[in-house]
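Please open the model in your viewer and keep the sequence panel beside it, since this tour moves from one selection to the next. At each stop you will be told what to select and what can be found there.

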Amino acid sequence: MTRVAAVDCGTNSIRLLIHDTETGEVSRRNTIVRLGQGVDETGQFAPEAIERTRVALADYVDEMQRENVTRVRMVATSATRDAGNREDFFAMTRELLGKIQPGAEAEVISGEEEAALSFAGATADLDQERGPFCVIDLGGGSTEFVMQTADQLYAVSTQMGCVRITERFMPTDPPTVEETAAAREYIADRIAEASKVVPFAQARTFVGCAGTFTTLSALAQKLDSYDPERIHMSEISFDRIRKVAEDLRNKTAEERRTNPVVHPERADVIAAGSVVVAELIDFFEREANARRIVISEKDILDGLLQKDLPKSRQC
């Protein structure tokens, strides 16, 4: 029996997946730490953000030790690429991950590699006959698009995510009409840039992953509690998503927190995330005549286990 772990640290959250090579998934956790707090404005990690991340990672390392994990890979994405004091973050991860695997530390991956790993995880449970797939991984600081056709993998990272859009365009609670319009214009420009790389019109199935998409699915299904099994591989119509997204934007963060499927620490940024999604589905409807999107609970963590920890079986 071998147990391996993957950790993904993004702008908004840090996540853990522990996998047993014989029995499959052991544990999957998500902690919102807002590592990217203020990075878009200052270019630096806030000390309190690094401390929140340290506490969460230390808790994950404790769990890895209890579960006898022998190998770990941790990747860091958008916020870490942007921060001038990122060495403070790396030193912290070296100290903690070294308890599991000597020499291990977080590594920065490119947006394109992040996209490819997310694609591998997000599409693992889909009928391959439904391809070509276009996967959208909407994070806190960036959104990755990746699409696999018969002869090529297309991937691009764009500087739009729920935290970045909130801080830059939508600080009011709830956001004003003017703020939302400015955000949508910026998002539309980023999508247009991505469309120069990714042939969206060729996609047959669009797949959304990460917290904004999974929360929108839970809300669209009117779940009483956040249920990963019902969210994973759910297929939601664009019209339903538009209604849910509009409802989120019209509520305050405190009102959003009263819904049990909305993580309390996501409530203040999910309105911006919903604007990104709304702009995306409008584009996909125009360009690819799409009407629905599949939501995946699997993503970059699962991709890491498939591609970079080859001795483990697929989750």
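Begin by selecting L17 and then R28, which is the bridge partner of L17 in strand β3. Now move along by selecting I18, whose bridge partner in β3 is S27. Please keep in mind throughout the tour that you are looking at a predicted model.

Next, widen the selection to residues 13-20, which form strand β2, and to residues 24-32, which form strand β3; these two strands run antiparallel and are joined by eight bridges. If you follow the chain from β2 to β3, you pass through a hairpin of three residues. As you look at the side chains here, it may help to know that in a regular strand the side chains alternate between the two faces of the sheet.

Which strands make up the open sheet that has five strands? Select them in the order β3-β2-β1-β4-β5, and you will have the whole of this open sheet, in which the pairing is mixed. The edge strands are β3 and β5, the latter at residues 107-108, and each of them pairs on one side only.

Now select helix α2, which covers residues 47-66, and find T53 within it. Is T53 buried or exposed? The relative accessibility of T53 is 0%, and because buried means under 20%, T53 counts as buried. To see what surrounds T53, show C9, I14, V33, L35, F89 and M92, which are its contacts once the neighbours within four places in sequence are left aside.

The next stop is a loop: select the stretch between β6 (133-138) and β7 (143-148), where G140 is found. G140 is buried, with a relative accessible area of 7%. Leaving out residues up to four places away in sequence, G140 touches T11 and N12, and also G161, C162, V163 and R164. If you then add V262 to the selection and draw a line from C-alpha to C-alpha, the distance to G140 is 15 Å, although the two residues are 122 residues apart in sequence.

From there, go to helix α6, residues 162-169, and select T166, which is found in this helix. T166 has a relative accessibility of 12% and counts as buried. Apart from residues up to four places away in sequence, T166 touches P171, D268, V269 and A272.

Finally, clear the selection and look at the whole protein chain, which has 13 helices and 11 strands. Its radius of gyration is 18 Å, close to the 20 Å that the globule rule gives for 315 residues, so the chain is as compact as a globular protein of that length. Turn the view along the principal axes, and the C-alpha trace spans about 50 × 45 × 40 Å. Of the 315 residues in the chain, 57% are buried. Among the contacts with a separation of 6 or more, 69% are made by residues 24 or more positions apart.

As a last step, show the surface, where the chain exposes about 13100 Å² and carbon and sulfur atoms supply 45% of that area. Then colour the charged side chains: there are 38 positive and 53 negative ones, and the centres of the two sets lie 2 Å apart.

Notes
Residues numbered from 1 in each chain as written. Predicted model: local features only at pLDDT ≥ 70, side-chain atom pairs only at ≥ 80, totals over all residues. Heavy atoms only, no water. Pairing = 2+ DSSP bridges. Helix = DSSP H or I, 4+ residues; strand = E, 2+ residues; numbered from the N terminus. Rg over C-alpha atoms; globule rule 2.2 N^0.38 Å. Buried < 20%, exposed > 50% of the residue type's maximum accessible area, 1.4 Å probe, protein only. Contact = heavy atoms within 4.5 Å. Areas by Shrake-Rupley, 256 points an atom, 1.4 Å probe, with all protein chains shown as cover. Lys, Arg positive; Asp, Glu negative; His and termini not counted. Charge placed at Lys NZ, Arg CZ, Asp CG, Glu CD.
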